[in-house]
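Biologist: Before I rely on the labels attached to this model, I should like to see how each one is justified. Please set every value against its definition.

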Amino acid sequence: MKKVWLLVPLVFSSSLYAAEANVGQVCKAAAASMFGRDHKIMKLDKVESGIAYVHYIRKDDGTRWAIKCKLINDQVMWASDNPDSTGRWRDNPADSVVKYSVSGKKLTISEVYSDGSSTDNTYLLKDL
C-alpha cells in the first residue's frame, strides 16, 4: 500500500481575514466602535506599510483625534496617533481585545474588555 501525503499550507495573514475589507475600512469601523462615534465622521488619512491612519473631529469641542491600526489575523491592533501623544500599541494583556469579521457585505467589530464584558458593532462595507 502506497501512502500519499497531501500538504496544505496554512497561511495566517490579515489578507485571509480581510478578503473583502481593507485595513482602512476596518480601522475606521474599529475607531467608531471603540470610541462610540458615528462611522461617518471617521476619515482615512493614509495606508502605509499595512498600517492605516484614521482621524475624526470631535463635535463637542472641535478637537482632532487620531489612531493608527494594523491587522494581525482577525485582531485589530491600534495605538493613538495624535501629534502631542503618540501612544503604545494596545497589546498588553490588560488591554481590551478588538477583533473583526466580515460576513457578506457587513463588517463586525467585537471588543472584549478585561472584565469579560464585550460589545459588537456591525457596519456595511460600502459605508466605510
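**Labels and their grounds**

Biologist: Why is Lys-46 called partly exposed?

Modeller: Its relative accessible area is 38%. Buried means under 20%, exposed means over 50%, and partly exposed lies in between, using a 1.4 Å probe and protein chains only. The value for Lys-46 falls between those limits, so the residue is partly exposed. Please note that this is a predicted model, in which local features need pLDDT of at least 70 and side-chain atom pairs count only at pLDDT 80 or more, while totals for chains, interfaces and linings use all residues. Residues are numbered from 1 along each chain as its sequence is written, and side-chain values use heavy atoms, with hydrogens and water left out.

Biologist: What makes the contact between Lys-46 and Glu-48 a salt bridge?

Modeller: A salt bridge requires a side-chain nitrogen of Lys or Arg within 4 Å of a carboxyl oxygen of Asp or Glu. The N to O distance for Lys-46 and Glu-48 is 3.8 Å, so the pair qualifies. Glu-48 has a relative accessibility of 44% and is therefore partly exposed.

Biologist: How many salt bridges does the structure hold, and how do you know that Asp-45 and Arg-64 form one?

Modeller: There are five salt bridges. In the pair of Asp-45 and Arg-64, the closest N and O atoms are 3.2 Å apart, which meets the criterion and so earns the label. Asp-45 belongs to strand β1 and Arg-64 to strand β3, so this pair ties together parts 19 residues apart in sequence. Strands are DSSP runs of E with at least two residues, helices are runs of H or I with at least four, and both are numbered from the N terminus. Another salt bridge joins Asp-61 to Arg-58, with the closest N and O atoms 2.6 Å apart.

Biologist: Why are Cys-27 and Cys-69 said to be joined by a disulfide?

Modeller: The term covers a pair of cysteine sulfur atoms within 2.5 Å. The S to S distance between Cys-27 and Cys-69 is 2.2 Å, so the label applies. The structure holds one disulfide. It links distant parts of the chain, with Cys-27 in helix α2 (residues 23-35) and Cys-69 in strand β3, 42 residues apart. Both cysteines are buried.

Biologist: What makes this disulfide right-handed?

Modeller: The torsion about the S-S bond of Cys-27 and Cys-69 is about 65°, so the disulfide is right-handed.

Biologist: How do you know that strands β6 and β7 pair?

Modeller: Two strands pair if DSSP finds at least two bridges between them. Seven bridges join β6 (residues 97-103) to β7 (residues 106-112), so the requirement is met. The two strands run antiparallel, and Lys-99 has Ser-110 in β7 as its bridge partner. Their hairpin has two residues between the strands, and Gly-104 there takes a positive phi near 65°.

Biologist: Which residue shows a positive phi of about 55° in the loop between β1 and β2, and is it buried or exposed?

Modeller: Ser-49 does, although it is not a glycine; it sits between β1 (43-48) and β2 (51-57). Its relative accessible area is 76%, over the 50% limit, so Ser-49 is exposed. Asn-73 likewise has a positive phi of about 55° without being a glycine, and it is found in the loop between β3 (64-72) and β4 (75-82). At 26% relative accessibility, Asn-73 is partly exposed.
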